Structure formats: structure tokens, C-alpha cells
Amino acid sequence: MLKLYGGARSRASIVQWYLEEIGVPYEFILLDMQAGEHLQPEFMAINPIGKVPAIVEDDFKLWESGAILLYLAEKHGKLPHSPEERAEIYQWVLFGNATLGTGIFIEANREKEMPRLLNPLNEILSKQPFLMGNELNVADIAVGSILAYIPIMLKLDLSPYPAVLEYIKWLTERPAFQKTIGSRK
């Protein structure tokens with residue numbers, strides 16, 4: 001069985017949300033980050049960087065939430081066959097982790113980056129329910145989780161982005177979200 005390692009308030013909940021969405025059984029191993037369990041030799045053998053999330057499945061070990069999301073999507077047949085469509089999914093997952101997260105959650109970047117990032121997202125989401133059309137996929141988990149953290153952690157005014165607000169509302173009402181990220185509010 002897949003083992004997911006995470007902290008109480010960590011990006012492991014993003015991976016957990018996706019596992020719940022696609023119905024993959026897993027064991028969640030909660031590390032006490034305050035006590036430094038993520039820096040102990042047992043966990044450092046899984047992730048030498050000492051960060052969560054990380055997964056172990058048989059002898060396979062993987063860390064970094066975006067890499068884990070893409071691996072799970074690939075393994076469980078949730079990626080399209082076309083290399084171009086897969087590349088679009090990779091683009092959104094990387095955008096969520098590298099661009100959106102730092103643009104919103106690093107205060108020094110926020111004033112400049114928030115409208116630059118959320119205006120195009122608002123435009124896309126005003127035309128379709130999900131980032132890539134009419135169906136939820138792993139890209140929505142990567143980007144949607146970052147967006148869903150905004151009202152939880154930052155309490156920013158998102159009223160200029162009504163389609164983004166509606167997207168956040170819809171995602172956060174999903175049972176898999178409520179069971180994972182929603183339960184940690």
C-alpha cells in the first residue's frame with residue numbers, strides 16, 4: 001500500500017486530496033515536524049532534503065508535491081494520451097507550485113503578482129468550470145489547492161476575481177477536499 005508522509009499542516013494534504021479524488025488507498029503517516037521527525041534518519045532515507053510530502057510504494061520513493069501528483073495521475077491512468085495535452089497538465093501543475101504559490105504567498109511578490117496571475121485565471125474560469133475544460137484533473141488539484149489556501153491562510157480580498165471565487169467554492173465543497181484539506185481548517 002502507498003504510504004504518504006506529511007505534517008499536520010503541510011502540502012501533503014494536497015496529495016491526500018488527490019488520492020481521495022481518484023480513490024487510491026493509502027496510509028497517511030503523520031510526522032511530528034515540531035519534534036523533528038522529518039529530520040530523523042528513517043525519513044531522510046526517503047527524502048534526503050527532509051521535507052514533506054513524500055510517498056513510498058514498495059521500493060519506490062518520491063518527494064515534492066507536484067512530482068507526486070503527476071506520478072499518481074500517470075500511474076492511475078488519469079493523464080491524456082496526447083503528449084501535448086499531458087504537457088498542458090504539467091504546465092499547470094508546475095505553475096501552481098512554482099509561480100502561483102510564490103506569487104501569492106510571498107508577501108513581497110503579492111501586490112504585483114496577484115492581479116497578474118489571478119486575472120488570467122479568472123478569465124479562463126469564467127469560460128469553463130475547470131482549468132482545462134469540463135472535467136477536473138490533477139492540474140485543478142495543484143492550482144486549486146493553492147487558491148483554496150488563500151481564504152484559509154491569508155484572508156485576501158478576492159472579490160475582483162468572481163470566477164476564481166466560484167472555482168474555490170466549488171472545489172472546497174468536494175467531499176475529497178472536505179475529508180483532507182477542509183478538515184484541517
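**A walk through the sheet and its helices**

Over residues 1–80, the chain is 32% helix and 22% strand, with the end C-alpha atoms 25 Å apart. Keep in mind that this is a predicted model. UniProt puts the feature "domain: GST N-terminal" at residues 1–80, and the entry is unreviewed.

Let's begin with the sheet. It is an open one made of 4 strands, in the order β2-β1-β3-β4, and the pairing is mixed. The edge positions go to β2 (26–30) and β4 (60–63); each has a single partner strand, so one side of each has no neighbour in the sheet. On average, and ignoring direction, neighbouring strands here are turned by 20° against each other.

Now look at how some of the strands pair. Strand β1 (residues 2–6) and strand β3 (residues 54–57) are antiparallel, joined over 3 bridges. If you want a spot to click on, take L4, whose bridge partner in β3 is I55. From β3 you can move on to β4: these strands also run antiparallel, with 4 bridges joining them. Here V56 stands opposite K61 in β4. The link from β3 to β4 is a hairpin with 2 residues between the strands, and D58 in the turn has a positive phi of about 55°. As a general point for reading any such strand, side chains in a regular strand alternate between the two faces of the sheet.

Next come the helices that sit against these strands. Helix α3 (residues 65–75) lies across β1, β3 and β4, running at about 130° to β4. It also has a helix for company: the axes of α1 and α3 come within 9 Å and cross at roughly 15°. With angles under 35 degrees counting as roughly parallel, α1 and α3 are therefore roughly parallel to each other. The crossing of α1 past α3 is right-handed. What meets what between them? From α1 you have I14, V15, Y18, L19 and I22, and from α3 there are S65, I68, L69, L72 and A73. By class, the residues of this contact of α1 with α3 are 9 nonpolar, 1 polar and no charged.

Further along the chain, the helices pack on each other. Helix α4 (residues 83–105) and α5 pack at an angle of about 135°, with their axes 6 Å apart. That angle falls outside the parallel, antiparallel and perpendicular ranges, and α4 and α5 are therefore oblique to each other. On the α4 side, the residues in contact include W92, F95, L100 and F105, while on the α5 side they include R110, M114, L117 and L121. Sorted by class, the contact of α4 with α5 has 10 nonpolar, 4 polar and 3 charged residues.

Helix α5 has another helix to deal with. Spanning residues 107–127, α5 packs against helix α7 (residues 162–172) at an angle of about 70°, with their axes 7 Å apart. That makes α5 roughly perpendicular to α7. The crossing of α5 past α7 is left-handed. Which residues make this contact? On α5 they are L118, L121, N122, L125 and S126, and on α7 they are P162, A163, V164 and Y167. The contact of α5 with α7 splits into 7 nonpolar, 2 polar and no charged residues. L118 and L121 are worth finding on screen: both are listed in the contact with α4 and in the contact with α7.

Methods. Residues numbered from 1 in each chain as written. Predicted model: local features only at pLDDT ≥ 70, side-chain atom pairs only at ≥ 80, totals over all residues. Heavy atoms only, no water. Axes fitted to C-alpha atoms, helices over the stretch in contact; angles between N-to-C directions. Parallel < 35°, antiparallel > 145°, perpendicular 65-115°, else oblique. Left-handed = near helix turned anticlockwise from the far one by under 90°. Contact = heavy atoms within 4.5 Å. Nonpolar A, V, L, I, M, F, W, Y, C, P; charged D, E, K, R; others polar. UniProt positions renumbered as here; feature names shortened; annotations may be inferred. Pairing = 2+ DSSP bridges.
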